[in-house]
Amino acid sequence: MKLPADSTNPFVRLLRSFWVPTERSMRAWALASVVVNAGITVTGAGVRVTASGLGCPTWPRCTPDSFVPVLHPEVDPLNMAVEFGNRLLTFLVLAVGVACVLAALRMAPRRTSLVRLAWLQPVGIVAQALWGGLVVNTMLNPFTVGMHYLISSGLIAVCWLLYARSGEGDAPVRRITHRDIRRLGHVLLAAVFVLLVVGVGVSGTGPHSGDALASRFDFDIEAIARFHADIAYAVVGLTFALLFALHVTNAPRPARRAALALFGVELLQGVIGYTQWFLAVPAMLVLLHVLGSTLVWIAALRVVTSLRSRDREPAPVSPSPTETAAAL
């Protein structure tokens, strides 16, 4: 398929961005994948806090006899619309993932590292959709709901790594900070992931289950919330330590800015967390807290990838469609 070399048509430019990709367009699609995966994570929380988790009581159909919403005496139309809308967003996320795969395959020269990372997106999205069916079939069991969120966090990590790697070369990793500082960054990332896992436990114990029929974890809500807060304090402490270490060693500015951004997001997230607790966990603040947790995760990933680099050294490549056509 031949596309005009230069066009003001937005549709043609969109096609060129993944059919005749550049490093810039590859990074743009990778960043778009981060955004849409983060977005569907937040809208999924919106399904839960609006009690729309069983708005479509079956899967893959919305109702036992229809793939699209139809009036059902036992389901509120608004809940059905919210849940079905979230299911539709899956196709947008999948489309962006497919665009990333095409862009990685069409890059000249083709980079195997990017192709592998790109393929993880559509595969992970399909797996996530199938897991969503399990969530519905288990009547919003808090374990399956929590895993739904954590799988999304894993997909966001893959998308961010694709974004970071598409702006680098394929040479071996080169540290741009002290070895121990980079290790501290990895410890911080692990602590943030533990924070997310415990946060899932809090959500699975709290009042917003997604539907009146959903079960809850048998934890003491105050005890697990305090445990979650303790881990949050540890994460903030590790972030401050990393920020201080980067400052005193005069680390590159991108690393310092990434750590400072993470610290700021954590503080805002703490304000939201304590506010929602003292206001008896209102739905809107729960939604903001999920958004905050997603931003903390992305910011932590950004910190880790800012602590190293890869030079643009030629890597083993396989012939791409563009190269093959040129050779003929």
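## Basis and secondary structure

Helices (H or I, at least four residues) and strands (E, at least two) are taken as DSSP runs and numbered from the N terminus. On that basis the chain contains ten helices and two strands. Read from the N terminus, the order of elements is α-α-α-α-α-β-α-α-α-α-β-α.

This is a predicted model, in which local features need pLDDT of at least 70 and side-chain atom pairs count only at pLDDT 80 or more, whereas totals for chains, interfaces and linings use all residues. Residues are numbered from 1 along each chain as its sequence is written, and side-chain values use heavy atoms, with hydrogens and water left out.

## Overall dimensions and packing

The radius of gyration, taken over C-alpha atoms, is compared here with the globule rule, which is 2.2 Å times the number of residues to the power 0.38. The chain has a radius of gyration of 22 Å, close to the 20 Å that the rule gives for 328 residues, so the chain is as compact as a globular protein of that length. The C-alpha trace spans about 65 × 55 × 30 Å along its principal axes.

Accessible areas come from the Shrake-Rupley method with a 1.4 Å probe; for residues, only the protein chains shown count as cover. The exposed area of the chain is about 17,000 Å², of which carbon and sulfur atoms supply 68%. A residue is termed buried under 20% relative accessible area, exposed over 50%, and partly exposed in between (1.4 Å probe, protein chains only). Of the 328 residues in the chain, 45% are buried. With contact defined as heavy atoms within 4.5 Å, residues 24 or more positions apart account for 76% of the contacts with a separation of 6 or more.

## Nonpolar core

A nonpolar core is a set of buried Ala, Val, Leu, Ile, Met, Phe, Trp, Tyr and Cys residues joined through side-chain atoms within 4.5 Å. The largest such core holds 64 residues, and the members that touch the most others are Met26, Leu162 and Leu246. Helix α6 (residues 179–205) gives the most to this core, with ten residues.

When neighbours within four places in sequence are left aside, Met26 is in contact with Cys100, Ala103, Ala104, Met107, Leu114, Leu162 and Ser166. Leu162 is thus a contact of Met26 and also one of the three residues that touch the most other core members.

## Cysteines

A disulfide is a covalent bond between the sulfur atoms of two cysteines; here the criterion is a pair of cysteine sulfur atoms within 2.5 Å. The structure holds one disulfide. Cys56 and Cys62 form this bond, with their sulfur atoms 2.1 Å apart. The torsion about the S-S bond of Cys56 and Cys62 is about -70 degrees, so the disulfide is left-handed. Both Cys56 and Cys62 are buried.

Cys100, by contrast, takes part in no disulfide, and the nearest cysteine sulfur, that of Cys159, is 6.7 Å away. This separation of 6.7 Å between the sulfurs of Cys159 and Cys100 is too far for a bond. Cys100 is buried, at 0% relative accessible area, and Cys159 is likewise buried, at 0%.

## Backbone features in loops

Most residues other than glycine have a negative phi, and most peptide bonds are trans. A cis peptide bond, with omega about 5 degrees, joins Trp59 and Pro60; Pro60 is placed in the loop between α2 (23–49) and α3 (77–106). The peptide bond from Ala108 to Pro109 is also cis, with omega near 0 degrees, and Pro109 lies in the loop between α3 and α4 (112–137).

Positive phi values occur at Leu140, where phi is about 60 degrees, and at Val281, where phi is near 55 degrees. Leu140 belongs to the loop between α4 and α5 (142–165) and is buried, at 5% relative accessibility. Val281 is in the loop between α8 (253–278) and α9 (283–305) and is partly exposed, at 21% relative accessibility.

## Surroundings of Ser209

Ser209 is located in the loop between α6 and α7 (221–248) and counts as buried at 12% relative accessibility. A polar atom of the Ser209 side chain lies 2.7 Å from the backbone oxygen of Asp211. Not counting residues up to four places away in sequence, Ser209 touches Arg48, Leu140, Ala214 and Arg216. Among them, Leu140 is the residue with a positive phi of about 60 degrees described above.

Key. A polar contact is a pair of N or O atoms within 3.5 Å; within protein, one must be able to donate a hydrogen and the other to accept it, and residues adjacent in sequence count only if both atoms are side-chain atoms.
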